[in-house]
Structure formats: structure tokens, C-alpha cells
Amino acid sequence: MNFIFIPEVYGRSIDGLGYFQTQNMTGQAKRGQVFITVKENISKSQVVTITSPPFTLSPGSTPFPAGVFTGSNFQFASNSMGAIVSQTRNFPPGEYTFCFRFVPTDKSEDFENCFDGNIQPLVPISLINPSDEDKICQKRPPLSWQPPVPFPPSMRFRLQLTEKKKGAAIENLLMNAPLILLDNIPSTTVNYPSFAADLQEGHTYVWQVIAYQNGVILSKSEIWEFTVQCTDPVKPSTNDSYRELREMVNGNYYYATRFLKFAYQNNYNVKKLVYEIYQTEGGSTKIKNTPDVAIVQGMNKVDIDLTSLNLEDGKHYMLKVYPFNEPEILVRFVYHENDAAQ
């Protein structure tokens with residue numbers, strides 16, 4: 001008799017403890033009870049003991065019956081950890097041991113498997129591009145986001161995008177009438193799908209990304225919106241807008257208020273952003289003493305502080321970024337000292 005349980009996925013909550021499989025290799029149906037115990041290893045505190053009612057365990061590999069788990073007795077420990085889990089139904093971050101034991105009714109023998117799991121804080125998904133309330137001049141934009149933490153290899157993403165309509169609940173539109181629904185996405189960036197129609201000029205769209213593993217939803221992003229608008233210069237949102245750098249190369253001027261903010265995909269183990277800034281009015285003059293920008297492999301949110309470079313308010317400049325083993329990226333921008341200048 002064996003148990004199969006994934007603590008990093010299902011060990012986060014009391015309800016998750018019911019998601020395990022039993023392997024009855026005796027070739028016969030067994031009548032008995034399951035006992036589940038959870039211990040926090042740092043404090044060596046018992047957290048909870050779950051005792052199922054008697055039930056019949058079929059031969060072979062089967063999921064634990066949901067009805068049996070619901071009808072189980074839940075005994076929480078008389079300590080602070082037990083009180084927290086009893087109130088919230090969730091396990092705080094920590095190192096735990098989850099033990100599953102099957103005791104036959106005749107008590108002839110019992111079977112037990114234990115699993116160690118490090119439950120980490122789950123950082124929610126952070127959408128990146130298009131940024132919230134942004135105006136973009138792209139009718140087939142790529143979409144990108146930062147994954148939740150931890151990010152196990154088996155995690156997958158579901159992306160939903162639809163048009164925002166006056167008077168309609170956004171959540172219902174995303175669930176029931178999405179223009180784009182992409183599922184089982186292994187990465188954190190997707191190109192606009194070839195089967196979907198172009199987005200329309202002057203229309204506003206909303207989108208959301210959901211992370212799941214083995215069918216269990218782990219995290220949902222906020223719902224962001226953006227508008228397709230090609231008639232005016234593209235301006236960033238003043239509220240921490242990070243547009244993907246390559247998507248800023250579209251012929252329009254980017255408005256930079258004291259900082260250049262963008263999302264940058266670093267595909268190699270390069271530790272420092274290689275870039276230059278040039279003044280484009282009255283000749284091409286390189287700006288000196290630009291600040292160093294540390295980056296990591298993967299998607300980065302970059303802030304380049306322009307306030308110490310003596311740039312002139314309202315003047316035009318050029319950002320040149322040199323990715324390793326890739327073509328350079330050129331972005332034109334207008335510098336502003338104050339938010340009101342936008």
C-alpha cells in the first residue's frame with residue numbers, strides 16, 4: 001500500500017490534503033481508515049490530525065474519495081500554528097512533514113508514507129506588457145507577465161483577453177466571452193495568436209493570466225486594460241508602467257518623466273545592461289556617466305534614473321540597448337522633468 005502526494009502543490013491548505021492517490025497493490029479491496037498528520041519541522045509542532053471514517057479501498061491506483069475526506073474528523077493542535085491553520089485553512093510558509101497512514105479495520109497491519117515539503121510564499125502573477133491603462137499602436141501585440149513564485153516546471157498558464165464593454169462586468173466578459181483564450185502555456189510571453197482577428201483602433205481591451213498546476217489554480221493576476229490608439233504619441237502610465245522594450249520601437253516617441261521604465265528580456269547570463277543614450281537634436285551627442293543597471297537572466301523590470309544626466313526638458317533623445325548576441329534596440333524618447341509635462 002502506497003500513497004502519492006505532492007506537498008509543494010497540495011500542501012498549502014487543509015483542503016489540498018485531500019488531493020492524494022492510494023496504491024492498493026494487495027489485489028483485494030481493503031476496509032479501513034486513513035490518518036493524515038502534519039508537523040511543522042522547525043518548531044517540531046504538530047499542526048493537524050485528520051481521521052477519515054471507515055471506507056473500502058479498491059485495488060489499484062485510485063484518488064482518495066472527496067466525500068470521505070469531507071466526512072473526516074479534523075483535529076487541530078492546541079498551539080499557535082494549529083490556531084492559524086484552523087482559522088485560515090492555509091499553512092503558513094515553512095517546512096512540513098505530511099504523513100499518510102492506512103489502518104485496516106482488522107488492524108492486521110498498517111501502511112504509511114511521509115512527504116517533506118517546503119511551503120514558500122506564493123507571489124502572485126504580475127502582468128508586464130501591455131501595461132495597465134496603456135495606449136499602444138499595435139493591433140497584434142505580444143503579451144508578457146512575471147510568473148508567481150515558486151515557479152515549478154509543471155506550472156502552466158491560461159490567458160484571457162476580451163473587449164471592455166460599458167455596463168458589463170469585466171470578470172464575466174473574460175470568463176464567458178473572451179476574444180482570446182489560450183491554455184496550457186508553458187512560458188511567460190506569448191505572441192498574438194494567428195487565428196485571432198486584429199484588435200480595433202480606439203477600442204479598449206482587458207486581459208488576465210491564471211497560473212495552475214495539475215488542474216489546481218495557484219494564482220490569478222489582476223485584470224489590466226489597454227487601448228489601441230495610433231493617432232497620438234505613446235505615453236507610459238505614470239503608475240509604474242513597464243512596457244516591453246522591443247514593443248516601444250514603433251516609430252512613436254516614448255515620454256520619459258525622470259526615468260526610463262521598460263521590461264527587458266535577458267536571454268543570457270548577462271549581469272549588466274549594455275546601453276547608451278544620445279541627444280538627437282543638433283547632432284548626435286552621446287550622454288556621459290549613464291548609471292549602471294544590473295539585470296538577471298529572464299524578464300527584468302528596468303528603471304534608468306535620468307535625473308543626474310542634465311537632460312533638457314522637452315528635448316528628444318535616443319536609447320540604444322545592445323542585447324548579447326542579438327541586434328541592437330533603438331528607442332526614441334522625449335524627456336520631461338515633471339508629470340504635468342506629459
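**Around strand β8**

Biologist: In which sense do β3 and β8 pair, parallel or antiparallel?

Modeller: Bear in mind that we're looking at a predicted model. One point along this pairing is glutamine 33, which stands opposite valine 103 in β8. Nine bridges link β3 and β8, and the sense is antiparallel.

Biologist: And how many bridges join β8 to β9?

Modeller: To find your way, start at tyrosine 96, whose bridge partner in β9 is glycine 117. β8 and β9 run antiparallel, and the bridge count between them is nine.

Biologist: Which residue in the hairpin of β8 and β9 takes a positive phi?

Modeller: Look at the link between the two strands, where the hairpin has six residues. The phi in question is near 55°, and the residue that takes it is lysine 107.

Biologist: Which cysteines form a disulfide?

Modeller: Searching the whole structure turns up one disulfide. Its sulfur atoms sit 2.0 Å apart. One partner lies in strand β8 and the other in strand β9, so the bond ties together parts 15 residues apart in sequence. The pair is cysteine 99 and cysteine 114.

Biologist: Is that disulfide of cysteine 99 and cysteine 114 right-handed or left-handed?

Modeller: Handedness comes from the torsion about the S-S bond. For cysteine 99 and cysteine 114 that torsion is about 110°, so the disulfide is right-handed.

Biologist: Does cysteine 114 count as buried, partly exposed or exposed?

Modeller: Buried means under 20% relative accessible area, and exposed means over 50%. Cysteine 99, at 12%, counts as buried. Cysteine 114 comes out at 43%, so it counts as partly exposed.

Biologist: Which element gives the most to the largest nonpolar core?

Modeller: That core has 30 residues, with Leu17, Val48 and Phe91 making the most contacts inside it. Several elements supply at least two residues each, among them β3, β4, α3 and β9. The top contributor gives four residues, and it is β8.

Biologist: How many of the residues of β8 are buried?

Modeller: Nonpolar side chains tend to be buried together in soluble globular proteins. β8 is mostly covered: of its 11 residues, the buried ones number nine.

Biologist: Which strands are the edge strands of the open sheet of three strands?

Modeller: The order in this sheet is β19-β21-β24, with mixed pairing. β19 and β21 pair in the parallel sense over two bridges, and arginine 243 has phenylalanine 262 in β21 as its bridge partner. Each edge strand pairs on one side only, and these strands are β19 and β24.

Terms used. Residues are numbered from 1 along each chain as its sequence is written. This is a predicted model: local features need pLDDT of at least 70, side-chain atom pairs count only at pLDDT 80 or more; totals for chains, interfaces and linings use all residues. Side-chain values use heavy atoms; hydrogens and water are left out. A nonpolar core is a set of buried Ala, Val, Leu, Ile, Met, Phe, Trp, Tyr and Cys residues joined through side-chain atoms within 4.5 Å. Buried means under 20% relative accessible area, exposed over 50%, partly exposed in between (1.4 Å probe, protein chains only). Two strands pair if DSSP finds at least two bridges between them. A disulfide is a pair of cysteine sulfur atoms within 2.5 Å.
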